[in-house]
Amino acid sequence: MKETMLDRHMNELRKESYVYNQKLGQCMMQLCFDASLIVLHDTFGFGRERCLRFQDELMKQIEEISEAVLSDTDPDAVYIKEKVDRKLAAIMGDEVVPWEERYAVSLGPARNREQRRAEKKRKKGRR
């Protein structure tokens, strides 16, 4: 099948959008790193060494959690989501927001179904 001019244009737009989203994600990650280090230093008195240790541990957590954010069905991802929610509940108690609300970004059809089910469940619980 021959690629039309519209197809080429749409593919180019997809590529540009992907690159933009990658750059935006990198900027947001850097912003979180910068803000974290400033808060750790100014508010909690962390020095250089403790900030470096914090960054290393933060990167490990981000790498583990990001796999779960991008997957709807992978059993490892489901386990990671449950583990993260349990850890946050132990820290924050009743104030923890469920995974589906914290990561309410549509990344595919399965994610949309998951979000709708979670929303229905929450609404039923409020009645």
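In the predicted model, a nonpolar patch on the surface is formed by Tyr 20, Leu 24, Met 28 and Leu 31, whose accessible area together is about 410 Å². One of these residues, Leu 24, lies in helix α1, which spans residues 5-44. Leu 24 has a relative accessibility of 39% and is therefore classed as partly exposed, since this class lies between the limits of 20% for buried and 50% for exposed residues.

Helix α1 belongs to a chain with five helices and zero strands. In sequence order, the elements follow the pattern α-α-α-α-α. The chain comprises 127 residues, of which 15% count as buried.

A second surface feature is charged. Glu 63, Glu 67, Asp 74 and Asp 76 make up a negative patch on the surface. Among them, Asp 76 is placed in helix α3, a segment covering residues 75-92. The relative accessible area of Asp 76 is 52%, and this residue is therefore exposed, the cut-off for that class being over 50%.

The cysteines were also examined. A disulfide is a covalent bond between the sulfur atoms of two cysteines. Zero disulfides were found in a search of the whole structure. With regard to accessibility, Cys 32 is partly exposed, because its relative value is 42%. Cys 51, by contrast, has a relative accessibility of 10% and so counts as buried, a class that requires a value under 20%.

Terms used:
Residues numbered from 1 in each chain as written. Predicted model: local features only at pLDDT ≥ 70, side-chain atom pairs only at ≥ 80, totals over all residues. Heavy atoms only, no water. Patch = residues over 30% accessible without salt bridge, like charges linked within 9 Å, V, L, I, M, F, W, Y side chains within 5 Å. Areas by Shrake-Rupley, 256 points an atom, 1.4 Å probe, with all protein chains shown as cover. Salt bridge = Lys/Arg side-chain N within 4 Å of Asp/Glu carboxyl O. Lys, Arg positive; Asp, Glu negative; His and termini not counted. Charge placed at Lys NZ, Arg CZ, Asp CG, Glu CD. Helix = DSSP H or I, 4+ residues; strand = E, 2+ residues; numbered from the N terminus. Buried < 20%, exposed > 50% of the residue type's maximum accessible area, 1.4 Å probe, protein only. Disulfide = S-S within 2.5 Å.
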